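Colleague: Please take a close look at the place where the two protein chains meet, and then at the DNA beside them.

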There are 2 protein chains.
Amino acid sequence: MKMDKRKQQVLMALIQDYISTAEPVGSRTIARKYKLGVSPATIRNEMADLEEMGLIEQPHTSAGRVPSDQGYRFYVDNLMKREELSIEEENVIQKSYETKLKDVGNIIQRTGDMISQLTNYAAVVMTTHIGEVSFKHIQLVRMSEKRALVVLVTETGAVHHRMIDIPESISVADLETISSVLNKKLQGRTIGDIRTTLFNEIYFELTKQKQILNKALELVREGLTMESEDKIYLGGVFNILSQPEFNDVEKIKTLLSLLEQEALLSDMMSGFHQSNGITVRIGGELSNKQMRDCSMVIGNYSLGGNQIGSIGILGPTRMDYARAVTIVDYMTNNLCLVMRRLIRGRSK
Amino acid sequence: MKMDKRKQQVLMALIQDYISTAEPVGSRTIARKYKLGVSPATIRNEMADLEEMGLIEQPHTSAGRVPSDQGYRFYVDNLMKREELSIEEENVIQKSYETKLKDVGNIIQRTGDMISQLTNYAAVVMTTHIGEVSFKHIQLVRMSEKRALVVLVTETGAVHHRMIDIPESISVADLETISSVLNKKLQGRTIGDIRTTLFNEIYFELTKQKQILNKALELVREGLTMESEDKIYLGGVFNILSQPEFNDVEKIKTLLSLLEQEALLSDMMSGFHQSNGITVRIGGELSNKQMRDCSMVIGNYSLGGNQIGSIGILGPTRMDYARAVTIVDYMTNNLCLVMRRLIRGRSK
DNA sequence: GTTAGCACTCTATGTTGTTGAGTGCTAAAC
DNA sequence: GTTTAGCACTCAACAACATAGAGTGCTAAC
C-alpha cells in the first residue's frame, strides 16, 4: 500500500492528538480538529489502510485508533518536526548551572533534574565507560598493612577509586614512588590504552628504579580495571507515573524493579556509542522486553572529541518525541560547555 | 484505664495478625487463632477499651480493628520480642560480602540490597557527615590553569572530591608541596578538627616553607568544606509497593517523589546520632508528615568508635517491626566488621 | 466478669441496564 | 473512482441496585 500525503497527514494528526490526550483517537476528532478538508468517513477509510499497514491499532472494536510502535517509528523518522526551546526555558537551564560547580556528579545530577523537570518524564544521565577518557592522576594511598586505595582522576574531573591488596612489605614511600612513576608515564593516555599496552613499559621502568616486587604492578593493574563503574543518575521517575498509561500498580512495580537494576539501565543506554546524533528507541525496540510500554530518547555528550557519557529521557511510548529530542539535543551540547567550565573555570 | 495482662495479649494478637494479613482483625479471629481462652464477646469488650485508649481503631463500623500509630508504639516498646536470624539467613548475608570488596560504595550497595531482599521493604543506607571521620590523605590535582581538584580520602576508605579555583600562578609542583604539607599535618585528625582549628598552624608552616600565596590555603579550606555530601543508597522501593497499603497510584506517586529527594531522606534518617541502639519511627513520628503511612527502623554503624553511617528500613506502618529491628541490628554490627575487612584486608 | 444471641451497619461484590463513542458497510453523490 | 451520508452494530464505561458476609454493640442470662 502506498503511503500518500493524506495518509501521512492522518497519521500525524492521530499521533499528535494521542500524544496530548492519551485517548484513542476517532475519525470524527481528526476531521474536526485537524481540518484535513475531508469527512470522517474518508478518514475512516484511511485509518483502515493505516491499520492494515501496521501503523495504528485498535484497542477494541468500538474505540478509536492508537499508534503502534511502527507508527511512532514512522512519525519519528519522517513526520516529526524539530522544535526549539523557548528563550525562557534556555534561561532556566543556564541558571541551574550557574551556582558553583563542584564536581562531575553535581553536574550530572543537575542535568538530570533539569531534564525531568522540563519534560515530565524520567531522566537517565550516565558517564560512559571510563576507558575512553584520558588519565590525569593516580594515587596509591596505604590504608593498612595489607590494603591500599587506588584513586584515579580522569581528565574529565571524575574520580574513581578502589581498594586493593598489597604485600605487607611495601612501605608508604614505595607507594609514593609507584604513584609518581605512574603519573609520569601515564600522562595524557586514555585508560583503555593503559590497560592494554602500557604495562610492560612501566614495569621495566619500575624495576629499574627500585626493587619493588613484581606483585606491586599487578596490583595496580588490578586496580585499574575498574570495569565499567558507570555512574548513573536516574530521576523524575515519579513524573512518568502521572502518565495515564501507568495508573496500574502492577505496571509500576515492574517498571520500578527494572529501573532499580543499574546494569539493565546501562544496557539500555548503550549500544550506539557510534552515533553522534540522537537515538530514539520505541517500545519493543528497547533491549528489555518488559519495558515495551516505554520509549527512550538518548544522546551522547562529549568533551574534546571523546564521548564521555549519555543522556536519556525515559517516558511512555506515547511520549512527546519532538520535544524530547529537542531537549536531549540541547542538553548534550550544553553539557560539553558546562564540563569545560568545571575543568577550566569560568571563561569570561 | 489500666493496661492489664489480657489487654496486652489482645493487642499483641491483633497486631501480629494485622501485620501478617493486612486485614482489619475481628474479635472472632483473635479468639479462634490466638487461644486466649475467652469468647469473642469478651475480646470485643477488651477491644472497645483498647480503642478508647487510642491503641487501635476501626476503619469503619462493620470492620475489625487496626492498630493505631500509638498501638504500634506500645507494641514496639513493650510487647515485641526480639527475633534471631536463622543460620541460613546469616549465611546468605555473609556470602553476599564474600566477593572482593572494592570500595565503600560497594559495601553500602550490597548491604542495601541484602536488607531489601531479606525484609521485602525498602532499604536506605547512608554515610554520615564526613566531619566525624579521620583524615587519611589529601591530594590537589591541577586540572587546568585555573582549576584544581581536591581529593580527600578518609580513614574509612571513602573518597570525596571537589573542584576549586586556583590562582594561575600556582604550579603543579606548588600543589604537590601543599598536598604533602597537608598530608603530614593532618594525619589522623578528624575532618571536623581540621576545619575548625588547624588552619592557622598549617598556614604558618606553609609560608615558612615556601612563598605560596595566601589564597592557596583559603582554597584548600574551601575545598575541605564539602558540606554533608552524604552518599545515600536507596533500594528495594518496588518491594514496598507490593504491600497492599500501596495499591493506590496516588500514594505511590507521593512516596516516590519524596524518596527522590535525598535531602529529605537524609533528614528522616538523622536526628539520633546520639543513640547506639535502634530507633523506630512510626507513621506520624517521621519528620515528614506526608510519609505517615510509613515507618522506619534505623540504626547507626560505626568504625573504631565513630559512627560513620546509618542503616534504615522503610516499610508501611504495618511492618514486621520485630524482624526489621533484628535485621538492622545484625547489619549494623556486621557492617563494622565488613568495613574493617575492606580496609585491613581479610584477617584469616 | 463472661458469654450467647440478636439486630444493626457497612463494605465488597456481582448483576443488570443504559449511554455514547466509534466502527464498518452500503448506497448515493460528486 | 473517490467521497460522503446514513445506519446498524459493537463494546467499554458507568450507574443503579441487590445481596452476602463480616463484624460490631447491646442486652440478658450464666
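Modeller: Between chain B and chain A, about 4200 Å² of area is buried (accessible area lost by the two parts on being put together, 1.4 Å probe, summed over both), and carbon and sulfur atoms give 59% of that area. On the side of chain B, Lys102(B), Met143(B) and Phe238(B) lose the most area to chain A, together 15% of what that side buries. The model is predicted: local features need pLDDT of at least 70, side-chain atom pairs pLDDT 80 or more, and totals for chains, interfaces and linings use all residues. Residues are numbered from 1 along each chain, chains are lettered from A and ligands numbered from 1 as written, and side-chain values use heavy atoms without hydrogens or water.

Chain B and chain A share 8 residue pairs in polar contact, with both residues at pLDDT 80 or more (N or O atoms within 3.5 Å; within protein, a donor with an acceptor, and sequence neighbours only through two side-chain atoms). The side of chain B that touches chain A draws two or more residues from each of β4 (135-142), β5 (147-154), β6 (159-165), α11 (237-241), α12 (249-259) and α14 (321-344) of chain B (DSSP runs: helices H or I of at least four residues, strands E of at least two, numbered from the N terminus). That side of chain B is made up of 17 nonpolar, 14 polar and 19 charged residues.

Turning to the DNA, 20 residues surround DNA strand D (a heavy atom within 4 Å), and Arg6(A), Thr42(A), Ser62(A), Ser27(B) and Arg65(B) come nearest. Sugar or phosphate accounts for 72% of the atoms of DNA strand D within 4 Å of the protein, and bases for the rest. Two phosphate approaches involve Thr42(A), with a polar side-chain atom 2.4 Å from a phosphate oxygen of DNA strand D, and Arg65(B), with a side-chain N or O atom 2.8 Å from one. Arg44(B), by contrast, places a polar side-chain atom 3.1 Å from a base nitrogen of DNA strand D. Two or more residues of this surface come from α3 (40-52) of chain A and likewise from α3 (40-52) of chain B, and α3(A) gives the most, with 4 residues.

DNA strand C is also surrounded by 20 residues, with Ser27(A), Arg6(B), Thr42(B), Thr61(B) and Ser62(B) the closest. Of its atoms within 4 Å of the protein, 73% belong to sugar or phosphate. The side chain of Arg44(A) has an N or O atom 3.1 Å from a base nitrogen of DNA strand C. Phosphate oxygens of that strand lie 2.9 Å from a side-chain N or O atom of Arg65(A) and 2.8 Å from one of Arg6(B). Here α3(B) gives the most to the surface, with 4 residues.

Conventions. Nonpolar A, V, L, I, M, F, W, Y, C, P; charged D, E, K, R; others polar.
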